[in-house]
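Work through the exercises below with the model open beside you. Try each task before reading its solution.

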Amino acid sequence: MNYIGEHLLPGQLGRFFILLSLVASIVACISYFKSASTSQLEEALSWRKLARIAFITDCIAVFSVFGILYYIVSAHLFEYFYAWNHSSLSLSSDYLLSCIWEGQEGSFLLWTVWHCVLGLILIFKAKQWEAPVMTVLSFAQFCLATMIIGIYVFDLKIGSNPFLLVRDHFQDAPIFKTPDYLSLPQMQDGQGLNQLLQNYWMVIHPPILFLGFASTIVPFAFAIAGLWKKNYSGWTKFAFPWTLFSACILGTGIIMGAAWAYESLTFGGYWAWDPVENASLVPWLILIAGLHTQLIYNATGYSLRPTYLFLLLTFCFILYSTYLTRSGDLQDTSVHAFTGAGMNWQLRIFLLAFVVPALFLYFKRYKSIPSIAKEESSYSREFWMFIGSLVFFLSGIFIIISTSLPVFNKIFNTKFALGDDVEFTYNRVQIFVAIVIGIITAVTQYLKYKNTSRNYLVKKIVIPTVLAIVISVCISLFGAIDYNKYGVGYLSAIHVAIFAAVYSIVANASYIWLGLNGKIKAAGGSVAHIGFGLMLLGILISSSKKEVLSVNTTGINLKFDPKSKERSMENITLIKGMATDMGKYMTTYQSNDSSARNGSVMYFKINFTSKDSSESFNLFPNLIRNTKGQEGFSNNPDKRHYWNRDIFSYISYADDMDRSEDTSKFRSVLAGVNDTLYYGNGLIIVNKVEVNPNNGKYQFTSADTALMADITVISKEGNQYRARPVYYVKNNQPQYIIDTVYAQNLAIGFSRIAEDKKLELQVKESSRMLPFVALKVYEFPHINVLWAGTIIMVVGFVMSMLRRARQNKLLKV
């Protein structure tokens, strides 16, 4: 059948370039392997030339695939399943790139793009290590190419092709029996980008994170090359800037993810020990361990064996995190995880193809790796750096074991779980990791390699120690840190951790002058440690002093789904146009407006005015309609930034987002004085009937004919409310005034006097009586300390990386 309006050329070109990438990457891998294996210089150069041509061809193919896919998405060619499933006409152009890495195929492609960039740099910079290192990287390229090839070998599907047409994906759908199916309404628009990804952080966070993922293969490949070529130590100084680069970029990507979570998610923070967050954190922790043992070896000759292990495991855990994210095993426990796409077997092979050879080669060569038999002095820098590395490693192992429980349960049919309070399960262990690392980073730089005299150490460290004690005690005493949710023991650990963080900051800042004599260019490590200490301090203070401001005192308590973990008393109900008391603020829901042409995004204008009238500001949290056929809406918070705190808010419920017609109707009931009626959430008691009421609410006189029913409403929670509906006659026509108990979504009318002096009441229960929202508001004190620490730590990494690169250039390594 000849289909009308399809643009098939982009897809055909895309498939060709994917196949070209697959072939070129395996040719590059084999050619580099032959170049690294031969002892004949001329033959090695010949193979290397072919390998370079193949790898550059692979790069051209990969860049072309990425460009074509972006064109398909940006041009809204909805005949392609990728464009139809991940984009829509209403999507802002800012988020078109996000559409690419929303899907599995696009994220694999992004990873491959970064491998190409790193590979091209290595071709020109790796020198004698080019062939063995590029063998590993080219093999990774081949594996990633299989992930997007999308072919069948007999009944076995290999990869998932991003250039698949919608009619190929839904082959049995009746609409594709029509040649002009693209003119049908369901093909005029796409399913849209996941609502949680419609945030500017998701434009920049995934590329940085995947660059971090991709970069870990470089130290891994150098370690493999050292074991393979039995040149166990020749690579460590050359590869050290790459290790620094990888740690810097991966750490930056992770913290960007935390910033996205803070901006877009509603768990009230930046880290929730989400399984996929953990899976990206663990490789970074182990990489930091490897970075420090690599530094130890370069300086003293110690710790080469653990350096190999840590750098090998870093990339292995990157692959494991890839499996966790994409296998679908975590889709019920993580907001980041992809659902399974029938690629589990391929992901497992990808993982094992690197893990098994790497660990086999490591243990086979273990005894041959140089090791100094003499133990380090406990007063040496290398001893405590190794202890710190070991703590980082063990911390990562604890996290990955806890994170992998869903996988263990699936494999062994067990039911292991972390309990209801997942965050505390991690925090009660990691708080002690923070204490140990903080103190080690404070003291270790004052130690010399090999050995340090006690007098020298005491002389140098005493002033920073005293300053740290004074500052941390002041923070503990005057900072109102009284987080007692988990008892005095955990609170005490928080105060000790605050000292450790302050100690790390003060001691490293002092070391720049006391130890380095003010040589800033040599202070990259100290600067990174200062940033790390500030991060710890910001995490401790902002988390332990986080306060819910939106205490609900209105009496209008919404019932949230228990799975949402929202509590009625922590979500203040705001009726449109009515100023409501919220602690130190009067808060008003002023208006709402949809910015998207299809009404998919609704912004709510919330005014905050301090009770002393010193400030007034507006926040605009919004709700985004869920995409891809999901019902409901997702919250998108808004914040007010101060130098010392953030006011963080989001809409937890809004009746304006429910566009359905109010179908609730009044029902007539008869009741006498002192009778009790029932409604959905409690009781209605008729107390008395008052003639011609004149009480402030109503102004009837003796010349009028009016009756007011005095009614008490008692909810199931025991709250009491008053309702006073009125029945009166005007112009010889009966009229009645309805009174509404908004807190109970209840309207009561008094329509007539029936027989036996019974009152006929009209009762209606509906949540659509008046526009209102439920608002959650947090205050995060001193959260900017965390963000400032992140920036400073990255600056320290860059300083160290540039310094090591200059040293290598001078030494011609």
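Three exercises follow, on a sheet, a pocket and a cavity.

This is a predicted model, in which local features need pLDDT of at least 70, side-chain atom pairs count only at pLDDT 80 or more, and totals for chains, interfaces and linings use all residues. Residues are numbered from 1 along each chain as its sequence is written, and side-chain values use heavy atoms, with hydrogens and water left out.

**Exercise 1. Trace the open sheet of 4 strands and find its edge strands.**

Step 1. Strands are DSSP runs (E, at least two residues), and helices are runs of H or I with at least four residues; both are numbered from the N terminus. Two strands pair if DSSP finds at least two bridges between them.

Step 2. Read off the order: β13-β22-β21-β20, with antiparallel pairing.

Step 3. The edges are β13 (667-671) and β20 (739-741), since each pairs on one side only.

Step 4. Check one edge. β20 meets β21 (residues 746-753) over 3 antiparallel bridges. There, V741 has L746 in β21 as its bridge partner.

Step 5. Add the twist. Neighbouring strands are turned by 30° against each other on average, direction ignored. Axes here are lines fitted to C-alpha atoms, and angles run from 0 to 180 degrees between N-to-C directions.

**Exercise 2. Describe the second largest pocket and its lining.**

Step 1. Fix the terms. On a 1 Å grid over the protein atoms alone, a pocket is an open set of points with protein on both sides within 12 Å along at least five of seven lines; a cavity is a set where a 1.4 Å probe fits but cannot get out; lining residues have an atom within 4 Å of a point. Volume is the space filled by probe spheres set on the points.

Step 2. The volume is about 760 Å³.

Step 3. The lining has 34 residues, and H292, L295, Q445, G525 and H529 are the closest to the centre.

Step 4. Several helices give two or more residues each, among them α11 (275-300) and α19 (524-544).

Step 5. Sort the lining: 19 nonpolar, 12 polar and 3 charged. Asp, Glu, Lys and Arg count as charged; Ala, Val, Leu, Ile, Met, Phe, Trp, Tyr, Cys and Pro as nonpolar; the others, Gly among them, as polar.

**Exercise 3. How many cavities of 30 Å³ or more are there, and what lines the largest cavity?**

Step 1. The count is 3.

Step 2. The largest cavity has a volume of about 90 Å³.

Step 3. Its lining includes I556, T573, Y742 and F772.

Step 4. That lining splits into 7 nonpolar, 3 polar and no charged residues.
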